[in-house]
Amino acid sequence: MNDQEIKRLIDLEKTYSGGGIKWKTQRKSKRCDCIFYSSDVGGYFVLYARQNEIDLDNFSCGLKLVTSGKDDITLLRCNGSGHTHTNTLERESIDYECHIHIATERYAYSGYKIDHFATKTNDYNDLKGAITCLISMSNIKGLTAGEFITQEGFSFD
């Protein structure tokens, strides 16, 4: 997948039609997936979120593309400051700061995960902010971060 196709998929309008948001606790973290269908992709998108219950800086939310018979492709991922990330090809580290991963053709063809590259950000500092950022970056309509994180009695405020 090339960078133009990645950008097209990220920019494609995705509309939430309601229902289907269920948080669950699994191995000391809260997890949730929300599905968005689109006739333009031959599959569907998943907005996912993970929040460690012990270390609140250890969170991740992302947008992945799921297509029949192929591996899921994470297009965007907003991570918390709970760990260090290294952009291997650039030999640069992001030390315990929030960062945004984006899929790149360069990393995919270098043998790394397609979404390995990341840049640090000040656009958010918690899961709710990361989800807000991801919804905006992913062109998701009809869903707010508040609606997403308060389902099933969970709240991260």
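**Exercise 1. Find the residue with a positive phi in the hairpin of strand 3 and strand 4, and describe how these strands pair.**

Solution. Start at the turn: four residues lie between strand 3 and strand 4 in this hairpin, and G42 takes a positive phi near 65°. Keep in mind that the model is a predicted one. Next, look at the strands themselves. Strand 3 covers residues 29-38, and it pairs with strand 4 in the antiparallel sense over 10 bridges. To fix the register, take Y37, whose bridge partner in strand 4 is Y44.

**Exercise 2. Decide whether strand 4 is largely enclosed or not, and follow the chain from it into strand 5.**

Solution. Begin with burial, where the cut-off is under 20% relative accessible area. Seven of the 10 residues of strand 4 (residues 43-52) fall in the buried class, so the rest of the structure largely encloses this strand. Now move along the chain: six residues make the hairpin connection from strand 4 to strand 5. The pairing of strand 4 with strand 5 is antiparallel and runs over nine bridges. A handy register mark here is Q51, which stands opposite F59 in strand 5.

**Exercise 3. Work out which strands pair with strand 6, and how many of its residues are buried.**

Solution. Take one neighbour at a time.

- Strand 5 (residues 59-67) is joined to strand 6 by six bridges, and the two run antiparallel. Within this pair, L65 has I73 of strand 6 as its bridge partner.
- The link between strand 5 and strand 6 is a hairpin with five residues between them, and G69 in its turn has a positive phi of about 75°.
- Strand 9 (residues 99-102) is joined to strand 6 by four bridges, again running antiparallel. For the register, N79 has H99 of strand 9 as its bridge partner.

Finish with the cover: strand 6 spans residues 73-79, and seven of its seven residues are buried, so mostly covered is a fair description.

**Exercise 4. Place T84 in the fold, classify its exposure and list its contacts.**

Solution. First the location: T84 sits in the loop between strand 6 and strand 7, the latter being residues 85-87. Then the exposure: the relative accessibility of T84 is 34%, which puts it in the partly exposed class. Last, the surroundings. Leaving aside residues up to four places away in sequence, T84 touches S93, I94, D95 and Y96. D95 is 11 residues from T84 along the chain, yet their C-alpha atoms are separated by 4.5 Å.

**Exercise 5. Assess how compact the chain is, then describe its surface and charges.**

Solution. Count the elements before turning to overall dimensions: the chain has four helices and 11 strands. Its radius of gyration is 15 Å, close to the 15 Å from the globule rule for 157 residues, so the chain is as compact as a globular protein of that length. Along the principal axes, the C-alpha atoms fill a box of roughly 40 × 40 × 25 Å.

Now go inside. Buried residues make up 46% of the 157 in the chain. Among contacts with a separation of 6 or more, 46% are between residues 24 or more positions apart.

Then come back out to the surface, where the accessible area is about 8500 Å² and carbon and sulfur atoms hold 45% of it. As for charge, the chain has 19 positive and 22 negative charges, and their mean positions are 4 Å apart.

Technical notes:
Residues are numbered from 1 along each chain as its sequence is written. This is a predicted model: local features need pLDDT of at least 70, side-chain atom pairs count only at pLDDT 80 or more; totals for chains, interfaces and linings use all residues. Side-chain values use heavy atoms; hydrogens and water are left out. The radius of gyration is taken over C-alpha atoms; the globule rule is 2.2 Å times the number of residues to the power 0.38. Buried means under 20% relative accessible area, exposed over 50%, partly exposed in between (1.4 Å probe, protein chains only). Contact means heavy atoms within 4.5 Å. Accessible areas come from the Shrake-Rupley method with a 1.4 Å probe; for residues, only the protein chains shown count as cover. Lys and Arg count as positive and Asp and Glu as negative; His and the chain ends are not counted. The place of a charge is taken as NZ of Lys, CZ of Arg, CG of Asp or CD of Glu. Two strands pair if DSSP finds at least two bridges between them.
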